[in-house]
Amino acid sequence: MRKKFLFAAATGLLATLTTLAHDFWLEAPRFRLQPGQTVAVRPLVGENFHGEPWSNKASKILRFVRYGPTSKDSTDLTPKNLTETDTFRTVFLFARPGTHVVLLRSTNSFIELPADKFTAYLREEGLDYALTLRQEREQQATPGRETYRRCAKALVQVGEAAAIPATTDSACYHIYGLPLELVPEQNPYRLPAGKALTVRVLRNGRPVSGATVQVWQRQPNGLPTSHFTTRANQNGRLLLRLSGSGPYLLATVGIAEAPANLCDRADWQSTWASLTFAGPADLRRAATKH
């Protein structure tokens, strides 16, 4: 269970688990819209691609922006002036046809775990870099002090992709300068049946060789959500075949030693990234990985 046991061990508060535990992603009520529609794109936390609203405060939002099909088409909902209620807006207007990107980046949160719980967490998430360093430094008995942050993106298609020029896809392919980012190399809303989707995993704009990525697909008619785990190749690329219209959730995590400005509170900094989207409605082939 991703991160749940980690936070529970640190706090023992089940209510807090629903706020900071599990996977984190952005979700619209529909990923395919008509021009001029206004919808809420909400940050969610949960398991197995079933989530609840993220209840963190506006003060935890570092960046919350919609980027449209043209360079000047954007809406910035990043909280500027915090109020007494400390809430933030999630409703965006999707006026122009094309592929829109909604992006959220959180500030840092801190956690400290007993040594055994921290080791178990690193193993479960495949964070071998931190495991190896702790072993080399004989720190296996030392509590794990970690700061973590989240970077989530959602692709929303406005209008029928086949009827819109490919020039409206630019936001989909753009690199937004996140510390950890999943970037598609094809627009999933334009993929014909049987074609693969290539996604890059980038850390500060550079490919992450061997990155572990979780892939979920919601099934229609109440069928169980499908899931598999795959790894990026040496160039940080994943090759996925989409079995239907989705929606899909891709998620990955990376860890590094905490930067100097955070080392008084943490020894490690983890970054959690996700990408949500819906694929073409006419795909029927089974999901595979390469």
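Me: How many residues of β19 are buried?
Reply: Ten of its ten residues, so to speak of β19 as mostly covered is fair. Keep in mind that this is a predicted model.

Me: Which residues point which way from β19?
Reply: W268, S270, W272, S274 and T276 point one way. Q269, T271, A273, L275 and F277 point the other way. All of them are buried.

Me: Which sense does the β18 and β19 pairing take?
Reply: Antiparallel, over ten bridges. One contact to look at there: E257 has W268 in β19 as its bridge partner.

Me: And how many bridges join β11 to β19?
Reply: Nine, and those two strands run parallel. R149 stands opposite T271 in β19.

Me: Switching to helix α4. Which of its residues are buried?
Reply: A130, L131, L133 and R134, within a helix that covers residues 128–136.

Me: What do they pack against?
Reply: α3 (115–124), β11 (144–158), β18 (248–257) and β19 (268–277).

Me: What happens to phi at E138?
Reply: E138, just after α4, takes a positive phi of about 55 degrees.

Me: Now aromatics. How many pairs are there?
Reply: Ten aromatic pairs. One of them is F64 with F88, edge-to-face, at 6.1 Å centre to centre and 90 degrees between the planes.

Me: Where do F64 and F88 sit?
Reply: F64 is in strand β6 (residues 61–67). F88 is in the loop between β7 (74–76) and β8 (91–94). The two are 24 residues apart, and both are buried.

Me: What about Y129 and W268?
Reply: Also an aromatic pair, edge-to-face, 6.4 Å centre to centre with 90 degrees between the planes. Y129 lies in helix α4 and W268 in strand β19, so the pair ties together parts 139 residues apart in sequence.

Me: Why does Y129 count as partly exposed?
Reply: Because its relative accessibility is 43%, and partly exposed lies between the 20% and 50% limits. W268 counts as buried because it is at 2%.

Me: Which residues do ring pairs link into a cluster?
Reply: F24, W54, F64, F88, F92 and F94.

Me: Last topic, the largest pocket. What is its volume?
Reply: About 350 Å³. The lining has 22 residues, and G126, L127, A211, V253 and G254 lie nearest the centre.

Me: Which elements give two or more residues to the lining?
Reply: α4, β13 (196–203), β15 (212–217) and β18. The largest share, five residues, comes from β18.

Me: How do the lining residues divide?
Reply: Nine nonpolar, seven polar and six charged.

Methods. Residues are numbered from 1 along each chain as its sequence is written. This is a predicted model: local features need pLDDT of at least 70, side-chain atom pairs count only at pLDDT 80 or more; totals for chains, interfaces and linings use all residues. Side-chain values use heavy atoms; hydrogens and water are left out. Buried means under 20% relative accessible area, exposed over 50%, partly exposed in between (1.4 Å probe, protein chains only). Helices (H or I, at least four residues) and strands (E, at least two) are DSSP runs, numbered from the N terminus. Contact means heavy atoms within 4.5 Å. On a 1 Å grid over the protein atoms alone, a cavity is a set of points where a 1.4 Å probe fits but cannot get out, and a pocket is an open set with protein on both sides within 12 Å along at least five of seven lines; lining residues have an atom within 4 Å of a point. Grid points are joined across faces, edges and corners, and a volume is the space filled by probe spheres set on the points. Ala, Val, Leu, Ile, Met, Phe, Trp, Tyr, Cys and Pro count as nonpolar, Asp, Glu, Lys and Arg as charged, and the others, Gly among them, as polar. Two strands pair if DSSP finds at least two bridges between them. Rings of Phe, Tyr and Trp (its six-membered ring) pair if their centres lie within 6.5 Å; planes under 30 degrees apart count as stacked, over 60 as edge-to-face and the rest as tilted.
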